[in-house]
Structure formats: structure tokens, C-alpha cells
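Here's a quick briefing to keep beside the model while you click around. Have the sequence and the 3D view open together.

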Amino acid sequence: MRQQTILVTGASAGFGTAFARRFVADGHRVIATARRAERLAALSAELGGRLLAWPLDVTDGPALAALPASLPDGWREVDVLVNNAGLALGLEPAWRASLAEWEQMIATNILGLTRLTRALLPGMVERNRGHVVNISSAAASYPYPGGNVYGATKSFVTQFSLNLKADLVGTSVRVTSIEPGMVEGTEFSTVRFGGDAERAKTVYAGTKSLTAEDIAETVAWAVGLPEHVNIDRIEVMPTCQGPGPFRVVRQT
Ligand code: NDP
Ligand code: 8X3
């Protein structure tokens, strides 16, 4: 397969670090972005010259708009954009949830992803080559108590992906929405619970959840398929997780 230049957001932890490791192992070059520069520097030391550490906050609109032109020579033609940076904050019912946390999820999961896609897509269309991989969630399709705005942001990601594909038919640019269920071993639940690692552990207790490497395998497969094959969306769940019946609260 041709060596590709792949920009990964949220590469300082969890899925993003696993994607960077996998893509470099597969012979590609990775632009690794996130807010924590020291994590990216460590990844660069681990993976060598095929990884470019590029600190970036996806809620910084002007930085996203300037990104394509500000990348170093030889790194500007991004073949694959993996929109992975994202977060859930809190698990409170909507009437008690923090509005500031809702706004941060919207700014990161929706606005950041949308702006970065808008910044990099023209180059892909002009070159008639590219792939946008959006990390959505099973929460896009299956509501759960306390998921409220997080689930809604991921529904946006899935629908945005499907609508992008509608625009891109007739070009060789591909779009894929990845929709995982529970994935353990990342910082996701610790972030959701405000740094409470003990509470985060309870989410995965007694399960064999997915791992970041499972998601990297899925993404590497979708990206590595021949150019005429577009995987529109993939829902990937741990074997131990699945939908339940509707809840019915009965009058007593
Ligand atoms: P982690 O918390 O481990 O990683 C999240 C990454 O996003 C970090 O690298 C973080 O880097 C980055 N990030 C957060 N905010 C920003 C920002 N403003 N600008 C730039 N980067 C940011 O979570 P996961 O790896 O588990 O999750 C990755 C994606 O997968 C998310 O979109 C999540 O919603 C989704 N997902 C996760 C599932 C799970 O069960 N774990 C299941 C389904 C989907 P930094 O703090 O350094 O900026
Ligand atoms: C993360 C999966 O079910 O914890 O997107 O919301 S879930």
C-alpha cells in the first residue's frame, strides 16, 4: 500500500495513541495532534521520524483554519484525517447537568471536528485523494440515561459523516464513521468523571470490553482497503455489550 500522511487528533492518549502506533507500524507517516505537547513529544521519541508531533487544541478555531498552511514542508498534503479528539463530561440527568460541560462537548466533538474537516477537505478534493475517518460512538444510535449531550454530539458526527459522503460522491475522497461501544484502557471514563479513576474503573468491572488496539485494527482495515471501497459506518461492540429492552416506569 502507498505510504499515506495521516493526521490524528487526540493522539496523546487512548485511541489516538493506538492509531498513531498502528499507522506508523503499517508504514505511514502520522501528524499527531492534541493539547498535551509533552505526551506527543514522548510519542515522537518512541516512533521516530515518521511521526510529527503537532500540538493543537481543536476548540481553537483560528488555529484549525491556519493548520493546512502552517504544517512543515512535506507534511501539508494530508491523505487521511482521523477526527478522534473528543470527550464525554458527566453522567447527570439533563436537568442537573453542567451547561459549561455541555458546551465543552459541543465545542470539541462537533465544532472542532467540523472546522478541521472544513480546513482539510478542499485539499483532498483538489488532489482527488483522501479519507476522513470520524470517531463517533455507539452512543450516536443508542441513548442511555445521562448520555444526553454526549450522545447527541456523536449523532451529529455520524450524520455529518453520512452527509459528507453524499457531497463527495463523484470524487475519490472517502468518509467513514466508526461507532464503538465500551472501550477500556483509555482516559475516557476518567475524564468523564472529573479525574475519578476509581469510579472510572467500575464502568468496565467484570467485562471484557474493547481495547484501543481493537479500534485501531478496525480503522487500519477501513483505511487500507482499495480506493474504490468506502466503508460508510462501522458499529463495533464488545461481545458482552448489546441493547436492552425499553425502560418502562409503572405506576404503583
Ligand atoms: P481519551 O480520553 O483516552 O482520549 C481523548 C483524546 O482527545 C486525548 O488525546 C485528548 O488529548 C484529546 N482531546 C480532548 N479534548 C481536546 C481538544 N480540545 N483539543 C485536542 N485534543 C483534545 O478517550 P478515548 O481514546 O477513549 O476516546 C477517543 C474518541 O473515541 C473520543 O471521541 C470518544 O468520544 C470516542 N469513543 C470512546 C469510547 C470509549 O469507550 N472509550 C467509545 C466510543 C467512542 P489532550 O487532553 O492532550 O488534548
Ligand atoms: C463511548 C461509549 O457507551 O460509554 O462513546 O457512551 S459509551
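What follows walks through the two ligand sites, then a strand pair, and then a few single residues.

This is a predicted model, where local features need pLDDT of at least 70, side-chain atom pairs count only at pLDDT 80 or more, and totals for chains, interfaces and linings use all residues. Residues are numbered from 1 along each chain as its sequence is written, chains are lettered from A and ligands numbered from 1 in the order in which they are written, and side-chain values use heavy atoms, with hydrogens and water left out.

**Ligand 1**

- Ligand 1 has 29 residues around it, and S12, R35, R36, Y150 and T186 come nearest. A residue is near a molecule or strand if one of its heavy atoms lies within 4 Å of it.
- By class, that shell splits into 13 nonpolar, eleven polar and five charged residues. Here Ala, Val, Leu, Ile, Met, Phe, Trp, Tyr, Cys and Pro count as nonpolar, Asp, Glu, Lys and Arg as charged, and the others, Gly among them, as polar.
- Helices α1 (14-25) and α5 each chip in at least two residues of the shell. Helices (H or I, at least four residues) and strands (E, at least two) are DSSP runs, numbered from the N terminus.
- Oxygen atoms of ligand 1 are met by a backbone N or O atom of F15 at 2.8 Å and by a polar side-chain atom of R36, also at 2.8 Å. A nitrogen atom of ligand 1 sits 2.9 Å from a polar backbone atom of V58.
- Taken alone, ligand 1 exposes 890 Å², and the protein buries 96% of that. Accessible areas come from the Shrake-Rupley method with a 1.4 Å probe; for residues, only the protein chains shown count as cover.

**Ligand 2**

- The residues around ligand 2 are S137, A139, Y144, Y150 and F188, which come out as four nonpolar, one polar and no charged.
- Which side chains have an N or O atom 2.5 Å or 2.6 Å from an oxygen atom of ligand 2? S137 has a polar side-chain atom at 2.5 Å, Y144 has a side-chain N or O atom at 2.5 Å, and Y150 has one at 2.6 Å.
- On its own, ligand 2 has 240 Å² of accessible area, and the protein covers 82% of it.
- Y150 turns up at both sites: it is listed around ligand 2 and among the residues that come nearest to ligand 1.

**Strands β5 and β6**

- Strand β5 (residues 130-135) runs parallel to β6, and six bridges join them. Two strands pair if DSSP finds at least two bridges between them.
- One of the partnerships is G130 with V173 in β6.
- Is β6 (residues 173-180) mostly covered or mostly open? Mostly covered: eight of its eight residues are buried. Buried means under 20% relative accessible area, exposed over 50%, and partly exposed in between (1.4 Å probe, protein chains only).
- Both faces of β6 are covered, with V173, V175, S177 and E179 on one side and R174, T176, I178 and P180 on the other.

**T176, inside β6**

- T176 lies in strand β6 and counts as buried, at 0% relative accessibility.
- The T176 side chain makes a polar contact of 2.8 Å with the side chain of H131. A polar contact is a pair of N or O atoms within 3.5 Å; within protein, one must be able to donate a hydrogen and the other to accept it, and residues adjacent in sequence count only if both atoms are side-chain atoms.
- Leaving aside neighbours within four places in sequence, T176 is in contact (heavy atoms within 4.5 Å) with H131, V132, V133, N134, A222, I231 and D232.

**S161, on α5**

- S161 is in helix α5 (residues 148-168) and is buried, at a relative accessible area of 2%.
- The S161 side chain reaches the backbone oxygen of V157 at 2.6 Å.
- Not counting residues up to four places away in sequence, S161 touches N134, V175 and S177.

**V8 and N128**

- V8 is in strand β1 (residues 5-9) and is buried, with a relative accessible area of 0%.
- V8 and N83 are 75 residues apart in sequence, yet 6.5 Å apart in space, C-alpha to C-alpha.
- N128 is in the loop between α4 (99-127) and β5 and is partly exposed, with a relative accessible area of 36%.
- N128 has a positive phi of about 50° although it is not a glycine. Most residues other than glycine have a negative phi.
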